[in-house]
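Open your viewer, pick a cartoon style and keep the selection box handy. We will go from stop to stop, choosing residues and looking at what surrounds them.

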Amino acid sequence: MDIQATTIPADDDSGPDVAGLEPAPDAGVQHCLLLLGNAGLRPTRQRLALGRLLFLGGHRHVTAEGLYAEAMAANAYLSLATVYNTLNQFTEAGLLRRIAADGIKSFFDTDTSVHPHFYLEGEDVLVDVADGLAFTKIPEALPGHEIARLDVIVHLRRKRT
Ligand SMILES: [Zn+2]
């Protein structure tokens with residue numbers, strides 16, 4: 001047998017580590033570990049991979065399908081079902097806020113505070129309303145109930161002109 005090469009080029013600059021390798025304990029991982037720990041979630045590989053995508057790039061609005069595509073691009077080999085499950089776990093733990101924009105698709109917001117959104121119909125995009133919306137009166141809850149949350153979504157569509 002003629003073995004020509006004994007070394008294999010280790011880096012090809014093609015992107016992040018592939019699944020299965022121990023990621024370097026960089027600041028991003030530390031931040032995710034802290035977030036998950038504070039939320040009472042065990043830091044599994046899937047949660048860390050998705051946490052890195054969700055929580056290190058500033059305030060984001062994602063769908064499960066969009067995050068799944070990002071995970072694939074980052075070589076994090078997760079199923080769409082795992083992405084759904086993890087997003088739901090993050091939501092239940094208070095790390096994300098679920099926003100149902102059109103009755104079919106949910107967005108997950110990394111800003112869990114109460115704030116209004118624009119939904120761009122037909123474009124599947126959810127963005128924050130920067131300002132210009134104020135409530136002067138919020139109705140009393142029905143007897144025996146309290147207001148749990150207040151969601152405001154302003155639906156936009158392209159002008160036809
Ligand atoms: Zn938002």
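## Where two helices meet

Start by selecting Ala49, Leu50 and Leu53 in α2, then add Leu67, Glu70 and Ala71 in α3: these residues of the two helices meet. By class, this contact of α2 with α3 consists of five nonpolar residues, no polar ones and one charged one. Now draw the two helix axes, if your viewer allows it. The axes of α2 and α3 come within 10 Å and cross at roughly 110 degrees, so α2 and α3 are roughly perpendicular to each other.

Please keep in mind during the tour that this is a predicted model.

## Zoom out

Show the whole chain for a moment. You should find four helices and six strands, and along the sequence they follow the pattern α-α-β-α-α-β-β-β-β-β. The chain has 161 residues, of which 17% count as buried. Among contacts between residues at least 6 apart in sequence, 47% join residues at least 24 apart.

## Select α2, residues 45-55

Return to α2 (45-55) and colour its buried residues: Arg47, Ala49, Leu50, Gly51, Arg52, Leu53 and Leu54. What covers them? Display α1 (27-38), β1 (61-62), α3 and α4, which are included in the cover over the buried residues of α2.

## Select α3, residues 64-73

Next comes α3 (64-73). Pick out Ala64, Leu67, Tyr68 and Ala71, the buried residues of this helix. Look down the axis: they cover an arc of only 105 degrees, which puts them on the same side of α3. As a reminder of the geometry, an α-helix has 3.6 residues a turn, so residues three or four places apart point the same way. The partners to display here are α2, β1 and α4, against which the buried residues of α3 pack.

Step just past the end of α3 to Asn75, which takes a positive phi of about 65 degrees. That is a positive value in a residue other than glycine. Asn75 sits in the loop between α3 and α4. Is Asn75 buried or partly exposed? With 14 C-beta neighbours inside 10 Å, Asn75 counts as partly exposed.

## Select α4, residues 80-92

Follow the chain into α4 (residues 80-92), a helix of 13 residues. From its first C-alpha to its last, α4 reaches 18 Å, close to the 18 Å expected at 1.5 Å a residue. Which residues of α4 are buried? Highlight Val83, Thr86, Leu87 and Phe90. They cover an arc of only 100 degrees around the axis, which places them on the same side of α4. Bring α2, α3 and β3 (106-109) into view, since the buried residues of α4 pack against these elements.

Now compare α4 with α2. Their axes come within 10 Å and cross at roughly 80 degrees, and α2 and α4 are therefore roughly perpendicular to each other. To see the contact itself, select Gln46, Arg47 and Leu50 in α2 together with Thr82, Val83 and Thr86 in α4. This contact of α2 with α4 has two nonpolar, three polar and one charged residues. Leu50 of α2 may look familiar, as it is one of the residues that meet α3.

## Just beyond α4

Move on to Gly94, which follows α4 and has a positive phi, near 85 degrees. Then measure from Gly94 to Ala39: their C-alpha atoms are separated by 7.1 Å, although the two residues are 55 apart along the chain. Ala39 is in the loop between α1 and α2. Leaving out residues up to four places away in sequence, Ala39 touches Ala93, Gly94 and Leu95. With 15 C-beta neighbours inside 10 Å, Ala39 counts as partly exposed.

## Last stop: Asp124

Finish among the strands. Show β4 (117-120) and β5 (125-128), and select Asp124 in the loop between them. Phi of Asp124 is near 55 degrees, again a positive value in a residue other than glycine. Asp124 has 14 C-beta neighbours inside 10 Å and so counts as partly exposed.

How values were computed. Residues are numbered from 1 along each chain as its sequence is written. This is a predicted model: local features need pLDDT of at least 70, side-chain atom pairs count only at pLDDT 80 or more; totals for chains, interfaces and linings use all residues. The expected span of a helix is 1.5 Å times one less than its number of residues. A residue is buried if 20 or more other C-beta atoms lie within 10 Å of its own, exposed if 12 or fewer, and partly exposed in between; C-beta atoms are placed from the backbone. The arc is that of the directions from the helix axis to the C-beta atoms. Two residues are in contact if their C-beta atoms, placed from the backbone, lie within 7 Å. Axes are lines fitted to C-alpha atoms, for helices over the stretch in contact, and angles run from 0 to 180 degrees between N-to-C directions. Angles under 35 degrees count as roughly parallel, over 145 as roughly antiparallel, 65 to 115 as roughly perpendicular and the rest as oblique. Ala, Val, Leu, Ile, Met, Phe, Trp, Tyr, Cys and Pro count as nonpolar, Asp, Glu, Lys and Arg as charged, and the others, Gly among them, as polar.
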